[in-house]
Amino acid sequence: MTTTADRPALTTSSRSEPPLRMYKTKTRYLSVGLPLAIYLLFTLVPFYWMVVFAFRPADSNSMLPWPITFENFDTVWNTLGFSFFFKNSMIVAALSLVLTTFVALATGYALARFKFRGRLPLVMALLCSQFVPGAMLLIPLFEIFREMSLINNLAGLIVADTVFQLPLAAMLMAGFIAQIPVELEEAAMVDGCSRLKAFRMVMLPLLKPGLIAVGSFAFIGSWNNFLFGLMFISSQEKFTLPVGLSYTIGSYNVDFGVLAAGGLIAAVPVVLVFAVIQKYLVQGLSAGAVKG
């Protein structure tokens with residue numbers, strides 16, 4: 001004779017589980033999804049209007065970029081000199097990226113691997129330098145650059161951007177290097193590598209996310225820097241994109257189509273950089289933020 005097990009009776013808690021799950025889902029949507037949706041709305045609506053003004057004709061009041069025209073882009077690129085501004089911004093941002101990343105790598109390695117006298121004051125000085133606004137140092141920087149013939153010179157912009165971005169870059173790099181076990185370098189040196197070769201063969205491949213994070217911040221910071229370009233450059237052919245963009249605003253009228261087209265040209269490289277490196281950027285920032 002076979003027997004069957006009795007089906008367990010449903011308890012009060014199991015019956016209330018679906019409503020509880022729905023309540024948690026709604027709570028999660030309201031606490032996470034709604035703020036993110038509002039943030040995206042505030043972020044994307046101005047960008048959408050910039051696209052609309054850039055691509056629609058000047059006499060159109062349409063809320064859609066239709067009919068599409070490239071007249072505004074032709075004006076800013078060929079008439080207002082944005083081709084020169086774009087080239088100047090690319091030179092300044094690329095060289096600032098290289099210099100900032102290289103010096104930050106050396107500084108971060110020294111802070112993370114060596115215990116030397118003055119290390120703590122150096123770290124404190126790097127941190128405190130982040131609280132000094134760049135505008136407060138414009139006059140002394142202008143005097144120094146004038147003595148060094150760096151006024152109205154792209155090299156002055158490269159030096160200024162590199163110096164101001166170096167403290168944060170060095171701290172990020174030091175935190176990232178501290179996450180890599182020193183035993184890996186020691187094992188390479190036991191096998192016959194010098195410290196420099198061990199660094200190049202073992203450390204550099206592991207530092208790829210950190211290097212990309214530091215380099216991207218240096219590039220974007222230099223690309224968007226308006227203050228130094230406005231103060232240290234006086235010739236129009238040496239303007240960078242933010243400075244050139246400000247000159248599209250007249251004293252009595254503003255051509256919003258031209259202004260939007262220039263803004264779109266300035267924004268596209270930054271958006272592309274973030275789109276390509278966002279995976280490495282998150283890894284680098286999370287690793288570099290653990291230890292200082």
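User: Which residue does Glu-143 form a salt bridge with?
Analyst: Glu-143 pairs with Arg-146. Their closest N and O atoms are 2.6 Å apart. Keep in mind that this is a predicted model.

User: Where do Glu-143 and Arg-146 lie?
Analyst: Both are in helix H6, which covers residues 138-147. They sit 3 residues apart, about one turn of the helix.

User: Is Glu-143 buried, exposed or something in between?
Analyst: Glu-143 is partly exposed, at 34% relative accessible area. Arg-146 is also partly exposed, with 46%. The partly exposed class runs between the 20% and 50% limits, so both values fit it.

User: What lets side chains pair like that?
Analyst: Side chains of opposite charge can pair when their charged atoms come close.

User: How many salt bridges does the whole structure have?
Analyst: The search finds 2. One of them is the pair Glu-143 and Arg-146. Another joins the side chains of Arg-113 and Glu-185, with 2.7 Å from N to O.

User: What does the pair Arg-113 and Glu-185 tie together?
Analyst: It links parts that are 72 residues apart in sequence, because Arg-113 is in helix H4 (residues 82-113) and Glu-185 is in helix H8 (residues 182-190).

User: Are Arg-113 and Glu-185 buried or exposed?
Analyst: Both are buried.

User: New topic. How many disulfides are there?
Analyst: The count is 0. A disulfide is a covalent bond between the sulfur atoms of two cysteines.

User: What about Cys-128, buried or exposed?
Analyst: In between. Cys-128 is partly exposed, with a relative accessible area of 42%. Cys-193 is partly exposed as well, at 22%.

User: Now backbone angles. What is the phi of Ser-149?
Analyst: It is about 60°, a positive value, although Ser-149 is not a glycine.

User: Why point that out?
Analyst: Because most residues other than glycine have a negative phi.

User: Where is Ser-149?
Analyst: Ser-149 is in the loop between H6 and helix H7 (154-178). At 56% relative accessibility, Ser-149 counts as exposed.

User: Which other residue in the loop between H6 and H7 should I look at?
Analyst: Try Asn-152, which is placed in that loop. Its phi is near 55°, again positive in a residue other than glycine.

User: And is Asn-152 buried or exposed?
Analyst: Asn-152 is buried, at 18% relative accessible area. Buried means under 20%, so Asn-152 falls in that class.

Methods. Residues are numbered from 1 along each chain as its sequence is written. This is a predicted model: local features need pLDDT of at least 70, side-chain atom pairs count only at pLDDT 80 or more; totals for chains, interfaces and linings use all residues. Side-chain values use heavy atoms; hydrogens and water are left out. A disulfide is a pair of cysteine sulfur atoms within 2.5 Å. Buried means under 20% relative accessible area, exposed over 50%, partly exposed in between (1.4 Å probe, protein chains only). A salt bridge is a side-chain nitrogen of Lys or Arg within 4 Å of a carboxyl oxygen of Asp or Glu. Helices (H or I, at least four residues) and strands (E, at least two) are DSSP runs, numbered from the N terminus.
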